[in-house]
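Trainee: Please take me slowly through one part of this model, and then show me what lies around it.

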Amino acid sequence: MSEYTLEDKYNLIKQEIVKCNSKDPINIASEIMRKDFIGIHGPEHHFLDGASFLTAYKNAGGAIDLDRCLDELAKRTVKMPGAMCGHWGVCGSLASIGAALSVIHNTGPLSTDDYYKHNMEYAAAVLSEMSKIGGARCCKRNAFLSLSYAVKFVEEKYGVDMKIGNFKCDFSSLNKQCLKKECPFYRT
């Protein structure tokens, strides 16, 4: 793998993401995950996951300015350190999609509308499911889990009909810590 800075990776992710026309954020994310600038694990997922969600949301009819949303998401997620799952007890993927939801609805720390509450509902549901699966880390598994919950969430809460296919992971051979059959996305 070539050496890329985190800034390089964010720029390359954005260049790739704006070309996508899928309504399926897992499809978008997994295609970009195959690029040489995306590691099996790493903080680049903190932008990639939310960016994949925003792109699919826009493609499914979500009324957003994608460029503005991606730029704001990048500003927020670049602050997230790697290994949040192990060091902070919260996954960077769900934080990324939480940030994307906040960007969509202009939610901030002083918001009193339902969007603030909804963002917390989403995060709590995903974190609960991640806690049932356990570790070791897997940025791919957690991305797929966060994104699959996000698709259901925005359809229920906001009526945006994103798509999600019958997905199985193709990355397990690259992950030394893969949980194999304990992972809901493991390809047998």
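**A loop and its surroundings**

Mentor: Let's start with Ala136, which is found in the loop between H7 and H8; helices here are DSSP runs of H or I with at least four residues, numbered from the N terminus. This is a predicted model, so local features need pLDDT of at least 70 and side-chain atom pairs count only at pLDDT 80 or more, while totals for chains, interfaces and linings use all residues. Residues are numbered from 1 along each chain as its sequence is written, and side-chain values use heavy atoms, with hydrogens and water left out.

In your loop, Gly135 and Ala136 are joined by a cis peptide bond, with omega about 20°. Back in helix H7 you will find Ser128, which is partly exposed at 33% relative accessible area (buried means under 20%, exposed over 50%, and partly exposed in between, using a 1.4 Å probe and protein chains only). The C-alpha atom of Ser128 is 21 Å from that of Gln177, 49 residues apart along the chain.

Both helices beside your loop feed the largest nonpolar core, a set of 53 residues. Such a core joins buried Ala, Val, Leu, Ile, Met, Phe, Trp, Tyr and Cys residues through side-chain atoms within 4.5 Å. Helix H7 (114-133) and helix H8 (139-158) are among the helices that each supply at least two of its residues, and H8 gives the largest share, nine residues. Among those with the most contacts inside the core are Val154 and Leu54. Beyond its neighbours within four places in sequence, Leu54 is in contact (heavy atoms within 4.5 Å) with residues including Ile64, Leu73 and Ile104.
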